[in-house]
Amino acid sequence: MNNQTIILGIETSCDETSVAVVKNGREILSNVVSSQIESHKRFGGVVPEIASRHHVEQITFIVEEAMKKAEVTFDDIDGIAVTEGPGLVGALLVGVNAAKAIAFAQNKPLIGVHHIAGHIYANHIVKELEFPLLTLVVSGGHTELIYMDEHASFHVIGETRDDAVGEAYDKVARTLGLPYPGGPHIDRLAHEGEASIDFPRAWLEEGSYDFSFSGLKSSVINKLHNAKQRNEDLPVENIAASFQESVIDVLVTKTMKAAEEKGVKHLLLAGGVAANKGLRERLTEACEEKGIHVTIPPLSLCTDNAAMIAAAGTILYEQGVRSDDRLNGQPGKQL
Ligand code: KG4
Ligand code: ZN
């Protein structure tokens, strides 16, 4: 008997086909990510049909590559963890069906994983989680504050009422004529400019940990259109810096307020927007000031990847959670 758990993770919820092998939920043996971003770039966003087709073409090779890199065979694998949702239904189905096929053929347990649980557990790979904790999830599709007092117990205490942060970044970037995905470009420009424009901050009702970014997005777009009509010179770096300042101000203030109110020991940042330099800096500073441990995964674990799915899947596996052959892609799955 060995006392180690080796989980194969599969992630295909959006535009990354990824397969990973993770030992004991924290040690990455392999994490192969095939990004389709180049195929979607010219459309200015992810095209679901193209995403599904890429996943189908890639998945078998990526499974083989991940196993080879990890130097494992199916005999070494204890279970197959796969993202069941949320995400694009056609994309999710490719991963779910691949996982079901492997689980059935190799007679291995199957574990359906929520995509956001994966983003949260990317942090567990970096640092053992301490409870109670709070995670700020910021991605192209999500903006959520999630409280946990133990493993795999997720309480969403705040979420966006309209656009996700990444979505707001991408839409503002598109108006500025920047390539997709625009988040990294705005982040870069923000560091070259000055936050000279006072864009709105949506604090919402007293006590609410929800977010709203559509007002800010519209305000930036209006400002740009007005400046254009008046032939006014508005440096793009200053727009980027001012927009980013407004986003970070709201994210960090609300997160720290929730962290203090809930008395958390550990704060985690998750999702693609966690790559944002300004956000990383400000959140780290705020946590240091309040004496709260903070973990921010490296970029490769912030964006969609299967190691995070295997990490979350390991906890579920150890808790005895199993999926059966009715496992299906759930595009709107709740945490
Ligand atoms: O988590 P992710 O890879 O995919 C989703 O599940 O959505 O996040 C992608 C999002 C995109 O909207 C992208 O513009 C944004 O993350 N992003 C950033 C930065 N890097 C990526 N946003 C702001 N600043 C960045 N440095
Ligand atoms: Zn994601």
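This is a short walk through one ligand site and three backbone features. Please keep in mind that the model is predicted.

I will start with ligand 1. The space that ligand 1 takes up is the largest pocket. Around the ligand there are 19 residues, and those that come nearest are Gly140, Asp170, Asp187, Gly272 and Asn276.

What kinds of residues make up the shell around ligand 1? Eleven are polar, five are nonpolar and three are charged.

Where does this shell come from in the fold? Two domains take part: domain 1, which covers 6-119 + 302-318, and domain 2, which covers 130-297, each give at least three residues to the shell around ligand 1. In terms of helices, α4 (115-126), α5 (165-175) and α6 (183-190) each contribute at least two residues to the shell.

Now to individual contacts. Gly140 uses its backbone: an N or O atom there lies 2.8 Å from an oxygen atom of ligand 1. Asn276 uses its side chain, where an N or O atom is 2.9 Å from a nitrogen atom of the ligand. For Asp304, a polar side-chain atom lies 3.4 Å from an oxygen atom of ligand 1. As for cover, ligand 1 taken alone exposes 560 Å², and the protein buries 87% of that.

I will move on to the backbone. Which peptide bonds are cis? One joins Phe131 and Pro132, with omega at about -5°. Pro132 is placed in the loop between α4 and β6, and that strand runs over 133-138. Another runs from Tyr180 to Pro181, with omega near -10°. Pro181 sits in the loop between α5 and α6. These loops adjoin elements we have met already, as α4, α5 and α6 each supply residues to the ligand shell.

The last item is Ala152. What is the phi of Ala152? The value is near 60°, which is positive, and this residue is not a glycine. Ala152 is found in the loop between β7 (143-148) and β8 (155-159).

To recap, ligand 1 occupies the largest pocket, and its shell draws on domain 1 and domain 2. On the backbone side, there are cis bonds at Phe131 to Pro132 and at Tyr180 to Pro181, and a positive phi at Ala152.

Technical notes:
Residues are numbered from 1 along each chain as its sequence is written. Chains are lettered from A and ligands numbered from 1 in the order in which they are written. This is a predicted model: local features need pLDDT of at least 70, side-chain atom pairs count only at pLDDT 80 or more; totals for chains, interfaces and linings use all residues. Side-chain values use heavy atoms; hydrogens and water are left out. A residue is near a molecule or strand if one of its heavy atoms lies within 4 Å of it. A polar contact is a pair of N or O atoms within 3.5 Å; within protein, one must be able to donate a hydrogen and the other to accept it, and residues adjacent in sequence count only if both atoms are side-chain atoms. Accessible areas come from the Shrake-Rupley method with a 1.4 Å probe; for residues, only the protein chains shown count as cover. On a 1 Å grid over the protein atoms alone, a cavity is a set of points where a 1.4 Å probe fits but cannot get out, and a pocket is an open set with protein on both sides within 12 Å along at least five of seven lines; lining residues have an atom within 4 Å of a point. A molecule sits in a cavity or pocket if more than half of its atoms lie within 2 Å of its grid points. Helices (H or I, at least four residues) and strands (E, at least two) are DSSP runs, numbered from the N terminus. Ala, Val, Leu, Ile, Met, Phe, Trp, Tyr, Cys and Pro count as nonpolar, Asp, Glu, Lys and Arg as charged, and the others, Gly among them, as polar. Domain bounds come from an automatic or database domain assignment.
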